[in-house]
Amino acid sequence: LASDAQSAFDAASDTDALEAARVEFLGAKAGRLKSVQKGMGKVDKADKPAAGQKLNAVKSSVESALESAMKRLASGGSGAAREAFDPTVPGRPFRLGHLHPITQTIERMKEIMGRLGFTAVEGPEIEDDWHNFEALNIPLSHPARDPLDNFYLSVAAKGEGDSSPAPAIGPDGKPLLLRSQTSTVQIRVMEQRIAAAAEGAQPPVRIVSLGRVYRPDTADATHYPMFHQIEGLLIDKHVTMADLKSVLRMFCQAYYGEQEDVHVRFRTSFFPFTEPSVEVDINWQGGWMEIGGAGMVDPNVLRAVGYDPEEVSGFAFGMGVERIAMRQHGIKDIRDLYANDVRFLSQF
Ligand code: PHE
């Protein structure tokens, strides 16, 4: 009877089954132990003490079997399932994220330019006509102002009777836009320095600015309507084109230095805000890849912010951050950088 009870309790897979087994063996009215107890009356008087002892022993072994079956169910699951947990197996590591490749590139560029003495500054992504065009010597008739080449902002219609969205107007009474170049920050910084000049601040100005710019280009392997530029500006006495060339060469060599000996090439070009102007190329796969533009700050720009071009000169450059990162990592399609596919991003 004790071993019957033991196996019935072990077989119980839930509390209902265990309760049914308990009633079968330990039930107060018709339990199997009870019926044995009832039979005690017929046992010979001489045998009674031994039979009584035997009954008590069976009863306590059935009770302790029930107790351990209850514990087993309370602790959840069968003994086998609990043995399957092996505390010596190493845990699964957490998946750690990391910085986006473009953010990594930006941090690295800031660090290199910092060593060359350039302080990183930021400017707004929504710009006015003055900072994006006018102060940069880009006249009203210039194609760079074309609405097809810029994201001009508008304010939503206010409701009934106010049918079409109106252009968003800046503090200068002219349309606001998402900046199409980080050269805007050159103007902002020079204006701030000049305003502070009353309190004694003079050139040099030695800054870089890294941030997003926007142009309504159709996305393809080399274009995206939003990308990043690194803008540099140095204003001082006796700054020359030679300074510009050495800074850009040192920057490129520091950036790619671990990978290879990089060559920088300058081609004459035109920008309204620099004179003379150059286009900057670096060698890549047996040819040249354009990474940006640069030049000596145009006297008209110096005058627009309040510097005297007879007193100070300077250089400026603006380069594509994505281009530089794509060459570094061998990325073939700029869209991969912005598709947010973890399989791609986790490689960097
Ligand atoms: N702003 C120019 C561009 O976006 C690049 C540039 C910056 C050129 C500074 C000269 C000087 O194409």
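## Notes on helix packing and a few backbone details

1. Let me start with a loop residue: His238 has a relative accessibility of 72%, so it counts as exposed. Please keep in mind throughout that this is a predicted model. His238 sits in the loop between E7 and H9, and its phi is positive, at about 60 degrees, although the residue is not a glycine. As background, most residues other than glycine have a negative phi. That makes this loop a good spot to open in your viewer.

2. Gln285 deserves a look for a similar reason. It is found in the loop between E9 and E10, and its phi, near 50 degrees, is a positive value in a residue other than glycine. Is Gln285 buried or exposed? With 63% relative accessibility against a cut-off of 50%, Gln285 counts as exposed.

3. Two further backbone details are worth noting. The peptide bond that leads from Glu275 to Pro276 is cis, and its omega is near -5 degrees; Pro276 belongs to strand E9, which covers residues 274-284. Just after H6, Gly117 has a positive phi of about 95 degrees.

4. Now to the helices, beginning with H4 (residues 48-74). H4 consists of 27 residues, and the distance from its first C-alpha to its last is 39 Å, close to the expected 39 Å at 1.5 Å a residue. Its buried residues are Gly52, Leu55, Val58, Val62, Ala65, Leu66, Ala69 and Leu73. What covers them? The cover includes H1, helix H2 (15-26) and helix H3 (32-39).

5. Take H1 (residues 2-11) against H4: their axes come within 9 Å and cross at roughly 10 degrees. An angle under 35 degrees counts as roughly parallel, and H1 and H4 are therefore described that way. On the H1 side the contact uses Ala2, Ala5, Gln6, Phe9 and Asp10, and on the H4 side Val58, Ser61, Val62, Ala65, Leu66, Ala69 and Arg72. By class, this contact of H1 with H4 has eight nonpolar, two polar and two charged residues. Among the H4 residues in it, Val58, Val62, Ala65, Leu66 and Ala69 also appear in the list of buried residues of H4.

6. H3 packs on H4 as well, with the axes 11 Å apart and an angle of about 175 degrees. H3 and H4 are therefore roughly antiparallel to each other. Leu33, Val36 and Gln37 of H3 meet Leu55, Val58 and Lys59 of H4; four of these residues are nonpolar, one is polar and one is charged. Val58 of H4 takes part in this contact and in the contact with H1.

7. H6 (residues 101-115) has 15 residues that should span 21 Å at 1.5 Å a residue, and its end C-alpha atoms are indeed 21 Å apart. Pro101, Ile102, Thr105, Ile106, Met109, Ile112 and Met113 are buried in H6. Where do they lie around the axis? They cover an arc of only 140 degrees, which puts them on the same side of H6. An α-helix has 3.6 residues a turn, so residues three or four places apart point the same way. The cover over the buried residues of H6 includes strand E6 (205-214), strand E7 (226-236), H9, strand E11 (313-320), H11 and helix H12 (342-345).

8. Of these neighbours, H11 (residues 321-329) has an axis that comes within 10 Å of that of H6, and the two cross at roughly 100 degrees. H6 is therefore roughly perpendicular to H11. Ile102, Thr105, Ile106, Arg108 and Met109 of H6 touch Val321, Glu322, Ile324, Ala325 and Gln328 of H11. Six residues of this contact are nonpolar, two are polar and two are charged.

9. H9 (residues 241-256) has 16 residues and reaches 23 Å between its end C-alpha atoms, close to the 22 Å expected. Leu244, Val247, Leu248, Phe251, Cys252, Tyr255 and Tyr256 are buried in H9. Their arc around the axis is only 140 degrees, which places them on the same side of H9.

10. Finally, a strand residue. Val297 is part of strand E10 (residues 287-297) and counts as buried, at 6% relative accessibility. Beyond its neighbours within four places in sequence, Val297 is in contact with Leu233, Ile235, Phe273, Thr274, Leu302, Gly314, Phe315 and Ala316.

Conventions
Residues are numbered from 1 along each chain as its sequence is written. This is a predicted model: local features need pLDDT of at least 70, side-chain atom pairs count only at pLDDT 80 or more; totals for chains, interfaces and linings use all residues. Side-chain values use heavy atoms; hydrogens and water are left out. Axes are lines fitted to C-alpha atoms, for helices over the stretch in contact, and angles run from 0 to 180 degrees between N-to-C directions. Helices (H or I, at least four residues) and strands (E, at least two) are DSSP runs, numbered from the N terminus. Angles under 35 degrees count as roughly parallel, over 145 as roughly antiparallel, 65 to 115 as roughly perpendicular and the rest as oblique. Contact means heavy atoms within 4.5 Å. Ala, Val, Leu, Ile, Met, Phe, Trp, Tyr, Cys and Pro count as nonpolar, Asp, Glu, Lys and Arg as charged, and the others, Gly among them, as polar. The expected span of a helix is 1.5 Å times one less than its number of residues. Buried means under 20% relative accessible area, exposed over 50%, partly exposed in between (1.4 Å probe, protein chains only). The arc is that of the directions from the helix axis to the C-beta atoms.
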